[in-house]
Every structure is written in structure tokens, then in C-alpha cells.
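Load the model in your viewer and keep the selection box handy. We will go stop by stop.

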Amino acid sequence: GSFEAEDEVTVSSQAAGNLDQITVDLGTPVRAGQLIGRIDQREVKLRVDQADAALKQAEAKLGIPAGSKLNPEHQTDVRQAKAALERARYDLNAAQNLVTNGDISRQQVDVYQKTFEQAEGRYQAAVENVRNLVAQVEEKRAMLELAKKLLTDTTIVSPISGVVKEKIASRGEYLQPGKPVVTIVQISPLRLKLEVSEERAARIP
């Protein structure tokens, strides 16, 4: 008979780039989660830094702490525009009451009406501007998360504990995503493979 490994896994690259480091060789024992190789990270780290800087700039425009959410109604420009709108609405209502009593002219009411409409337009513009900035922040956050994932993908780890059966890729080699790097076999437990006749097989409990 012969012993067979219970499990055999071919570990492949998840990222594109030059294989900058490989820490195992044929016959090297490895643990699950152990680093076995790394793709050159310089370009990806630069992308992470650029994405992080762009996010911080977008958050600074909104005046919010890193990672926090913002309700547009709580932003300074929106609050100021809303306060001005409420004042204009109050003045217009008061003017409409006064013109009913004959205390002011219709022309004066028209001035208050125009002021109210301008304040309403500024408020809507402020809200729309903040919503656009919030959308930019969310986009920058997504780009940063993607860059971080790409950085994580440059690290090649063993999914199982075992021994390197085959070393397929070499240091300095350019790898595409999905390119095999090593094959690892699990040596504990081992499975015994025997060839037996039908007669003997019938006796095996």
C-alpha cells in the first residue's frame, strides 16, 4: 500500500506584479496562515497613500473627522443658509400680515418675497453642494478600501498546514492573478491506500 496526503492545495497569486519575496522551498513545512511569498508592494502602497490623501482632502472640505458620517443639515454652510431662509420666511409672513392691514405697500411685500426666494435658492444650493461633497467622500473611501485590498492581495499565505510539494514560481518572476506559486500537501493525517481483493474487502468491517 501507499500513504496519500489528505489534502493538497495549489496556492496562487491574487495580484499582478513581480514576486519580490518567497520564503519557502521544496520540502519546507508551513503552517496555515504563514507567509510564503509577497508581490512587490511599492506601486500598491503608493496607491494606498494617494487614496488616503485624497480622502483626507475631501473630508477636510466637509469639515468632518476622518471616517465619520455627515447629515447635510448639520454642515455649517447649510445651517447658515437655513437660518437665513427662516428669517426671510418670518419677514415675508409679517409683511403679508401688514399689507392686509394696510400698514405697508404691496411693493414692499414684493421685496420681502424676492428676498425669501433668493434665500430659498441659496439654501437649496448649499444642500446640493454638501450632498455632492458627501458623494465625493464616499467615492474616496471606496477607492481607499480597494487600494487596501490590492495591498492585502500582494501577500501570499498558506491556507493549510503541511509541506511544500512543489515550488512553481521564482523570486523576480512576474505573476498574473491566478498564477500558481507553490503546491502544499497536508501530511497530518495521512491516508493509507491499499489494494485488496473482493474476498478480503468483504471481511473488512
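Do H2 and H3 run roughly parallel or roughly antiparallel to each other? Keep that in mind while you get your bearings. This is a predicted model.

**Whole chain**

Colour by secondary structure. You should find four helices and eight strands. Starting at the N terminus, the order is β-β-β-β-α-α-α-β-β-β-β-α. The protein has 205 residues, and 29% of them count as buried. Now think about contacts with a sequence separation of 6 or more: 75% of these join residues 24 or more positions apart.

**Stop 1: helix H2 beside helix H3**

Select residues 76-100, which form helix H2. This helix has 25 residues. From first C-alpha to last, H2 reaches 37 Å, close to the 36 Å expected at 1.5 Å a residue.

Add residues 106-153, helix H3. The axes of H2 and H3 come within 8 Å and cross at roughly 160°. Angles over 145 degrees count as roughly antiparallel. H2 and H3 are therefore roughly antiparallel to each other, which settles the opening question. Their crossing is left-handed. Sorted by class, the H2 contact with H3 has 16 nonpolar, three polar and seven charged residues.

Next, show side chains on the buried residues of H2: Val78, Ala81, Leu85, Ala88, Leu92, Ala95 and Val99. Look at the spacing as you click along. An α-helix has 3.6 residues a turn, so residues three or four places apart point the same way. H3 is part of what covers the buried residues of H2.

**Stop 2: Ala95**

Stay in helix H2 and centre on Ala95. Is Ala95 buried or exposed? Its relative accessibility is 1%, so Ala95 counts as buried. Beyond four places in sequence, Ala95 touches Ile104, Val109 and Tyr112. Draw a distance from Ala95 to Val109, C-alpha to C-alpha. The two are 14 residues apart in sequence and 5.7 Å apart in space.

**Stop 3: helix H1 beside helix H3**

Hide H2 and select residues 42-62, helix H1. Keep H3 on screen. The H1 and H3 axes come within 8 Å, crossing at roughly 160°. That makes H1 roughly antiparallel to H3. Here too the crossing is left-handed.

Which residues make this contact? From H1, pick out Val44, Val48, Ala51, Leu55, Ala58 and Leu62, among others. The H3 side includes Val130, Leu133, Val137, Leu144, Ala147 and Leu151. By class, the H1 contact with H3 has 16 nonpolar, no polar and eight charged residues.

**Stop 4: Thr154**

Follow the chain out of H3. Thr154 sits in the loop between helix H3 and strand E5, residues 155-157. Thr154 has a relative accessible area of 1%, so this threonine is buried. Leaving out residues up to four places away in sequence, Thr154 touches Ala15, Gly37, Arg38, Ile39, Gln41 and Val44. Val44 is also one of the H1 residues in the contact with H3.

**Stop 5: Ser158**

Continue past E5. Ser158 lies in the loop between E5 and strand E6, residues 162-167. With a relative accessibility of 1%, Ser158 counts as buried. Where are its contacts beyond four places in sequence? Select Val30, Arg31, Ala32, Gly33, Gln34, Ile36 and Ile184. Finish with one more distance, from Ser158 to Val9, C-alpha to C-alpha. They are 149 residues apart in sequence, yet 8.9 Å apart in space.

Definitions and conventions:
Residues numbered from 1 in each chain as written. Predicted model: local features only at pLDDT ≥ 70, side-chain atom pairs only at ≥ 80, totals over all residues. Heavy atoms only, no water. Helix = DSSP H or I, 4+ residues; strand = E, 2+ residues; numbered from the N terminus. Buried < 20%, exposed > 50% of the residue type's maximum accessible area, 1.4 Å probe, protein only. Contact = heavy atoms within 4.5 Å. Axes fitted to C-alpha atoms, helices over the stretch in contact; angles between N-to-C directions. Parallel < 35°, antiparallel > 145°, perpendicular 65-115°, else oblique. Left-handed = near helix turned anticlockwise from the far one by under 90°. Nonpolar A, V, L, I, M, F, W, Y, C, P; charged D, E, K, R; others polar. Expected span 1.5 Å × (residues − 1).
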